[in-house]
Amino acid sequence: MPVDEKKLAELRKKARETRKTVLQMIAGAASGHPGGSLSCIEIMVALFERLRLDPKNPHWKERDRFVMSKGHAAPVLYACLADKGFFPKEELKTLRKLGSRLQGHPETTTPGVDVPTGSLGHGLSMANGMALAGKLDKAKWRVYALLGDGECDEGQVWEAAATAAHHKLDNVVAIVDRNMVQLDGPTEEIKRLGNLAEKFRSFGWNAIEVDGHDFGQIMGALDAAEGFKGKPTALIALTVKGKGVSFAEGKAAYHGKPIVGEELEKALIELEGMKND
Ligand SMILES: Cc1ncc(C[n+]2csc(CCOP(=O)(O)OP(=O)(O)O)c2C)c(N)n1
């Protein structure tokens, strides 16, 4: 379904607010991953617009499943879950605190989180398992997994890619946050990934490349993925690490360094004026 201008404006506003919330959460925890959180904001806001969920009943059998395979971007997941009403937004301030339900990486103690992640490379395999179960049950629900591009250095991602294609898991969508930077440098220098869309195609997948900060493109590709039968779909979302904060954009230095103090103030002012298009 094409997204109208009014909806696009609403989503862009939500993305702006989510960016600010996530930076404040990470600063409050004095620990976390701003770069790879900021790169996946539009992807996550678009996904949570689309996922069939019931915040009052997190274990609703017919829900779509979501796997945050790049688990270090947990603050974005928590912000989206709170926005949907899975738990109070006030709780977001407890990120990474002792006793909090919102730890540095997703755990199933958080309402709305189906699988624990954080050790990179496992998410797509877990998504496959759920999707196979869904097929056996002839269920309508679908499974979405968000992976980092650096995460695709893990061999298990490609084992999972082969498995999903073999079992014709057209109820699986893998979204790769292709921000070109991993923990301490550019992905193409650390271990060249090349053309990820072609790689997934060669593994037997349907693959679509999108601008990962453009809601129209992301929503359109999610629609196309749902309509595509016989193969799993990979969305290669071209993004910018640290998107929206000029001094953090494209920089590995902000992968795991909280933005605090004067830098946080500057970032929040920049985000206030962000247009997202
Ligand atoms: C198995 C494993 N090895 C190492 C790490 C440490 N680690 C956390 S994030 C990260 C970089 C991931 O890069 P990418 O997937 O590109 O993430 P993004 O840029 O989207 O944040 C690494 C190596 C980990 N979490 N799991």
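## Exercises on a predicted model

Across from leucine 146 stands isoleucine 175, a residue of E3. This is a predicted model, and the exercises below start from that pair of residues.

**Exercise 1. Work out which strands pair with E3, and in which sense.**

Step 1. Begin with strand E2, residues 143-148: E2 and E3 pair in the parallel sense, over six bridges. You can find the register from two places. Leucine 146 faces isoleucine 175, and alanine 145 stands opposite alanine 174.

Step 2. Now look for another partner of E3. Strand E5 (residues 233-238) runs parallel to E3 and is joined to it by six bridges. Here valine 173 stands opposite threonine 233.

Step 3. Follow the chain from E2 to E3. Together with helix H6 (residues 155-166), these two strands make a right-handed β-α-β unit.

**Exercise 2. Decide whether strand E3 is enclosed or open, and check each of its faces.**

Step 1. Count the buried residues of E3, which covers residues 172-178. A residue is buried if 20 or more other C-beta atoms lie within 10 Å of its own. Seven of the seven residues pass, so E3 is largely enclosed by the rest of the structure.

Step 2. Sort these residues by direction. Val172, Ala174, Val176 and Arg178 point one way, while Val173, Ile175 and Asp177 point the other way, and all are buried.

Step 3. Repeat the check on E2. Six of the six residues of E2 are buried, so E2 too is largely enclosed by the rest of the structure. One side carries Val143, Ala145 and Leu147, the other Tyr144, Leu146 and Gly148, and both faces are covered.

**Exercise 3. Extend the picture to strands E1 and E4 by finding what each of them pairs with.**

Step 1. Take E1, residues 65-68. E1 runs parallel to E2, and four bridges join them. As a landmark, phenylalanine 66 has tyrosine 144 of E2 as its bridge partner.

Step 2. Take E4 next. E4 and E5 run parallel and are joined by six bridges, with valine 210 opposite alanine 237 in E5. Between these strands the chain passes through H9, and this β-α-β crossover is right-handed.

**Exercise 4. Compare the length of helix H1 with the expected span, then find what covers its buried residues.**

Step 1. H1 has 25 residues, 5-29, and at 1.5 Å a residue these should span 36 Å. The end C-alpha atoms of H1 are 36 Å apart, which agrees.

Step 2. List the buried residues. Among them in H1 are Leu11, Lys14, Ala15, Thr18, Val22 and Met25. The spacing has a simple background: an α-helix has 3.6 residues a turn, so residues three or four places apart point the same way.

Step 3. Ask what lies over them. The cover for the buried residues of H1 includes helices H2, H3, H4, H9 and H10.

Step 4. Look just past the end of H1. There alanine 30 takes a positive phi of about 55°.

**Exercise 5. Treat helix H9 in the same manner: check its reach, then its packing.**

Step 1. H9 has 13 residues and reaches 18 Å from its first C-alpha to its last, close to the 18 Å expected.

Step 2. Its buried residues include Phe215, Ile218, Met219 and Leu222. They pack against H1, H3, E3, E4 and E5.

**Exercise 6. Classify leucine 77 and glutamate 91 as buried or partly exposed, and name their contacts.**

Step 1. Leucine 77 lies in helix H4. It counts as buried because it has 27 C-beta neighbours inside 10 Å. Leaving aside neighbours within four places in sequence, leucine 77 is in contact with Met44, Met68 and Pro106.

Step 2. Glutamate 91 sits in the loop between H4 and helix H5. Because glutamate 91 has 17 C-beta neighbours inside 10 Å, it counts as partly exposed. Apart from residues up to four places away in sequence, glutamate 91 touches Ala82, Arg101 and Leu102.

**Exercise 7. Describe the surroundings of the ligand by naming the closest residues and sorting the shell by class.**

Step 1. The ligand is surrounded by 20 residues, and the closest are Gly36, Gly148, Gly150, Glu151 and Gln182. Gly148 should look familiar, as a buried residue of E2.

Step 2. Sorted by class, the shell holds three nonpolar, twelve polar and five charged residues.

Notes:
Residues numbered from 1 in each chain as written. Predicted model: local features only at pLDDT ≥ 70, side-chain atom pairs only at ≥ 80, totals over all residues. Near = placed C-beta within 6 Å. Nonpolar A, V, L, I, M, F, W, Y, C, P; charged D, E, K, R; others polar. Buried ≥ 20, exposed ≤ 12 C-beta atoms within 10 Å, placed from the backbone. Pairing = 2+ DSSP bridges. Right-handed = clockwise from strand over helix to strand, strands pointing away. Expected span 1.5 Å × (residues − 1). Contact = placed C-beta atoms within 7 Å.
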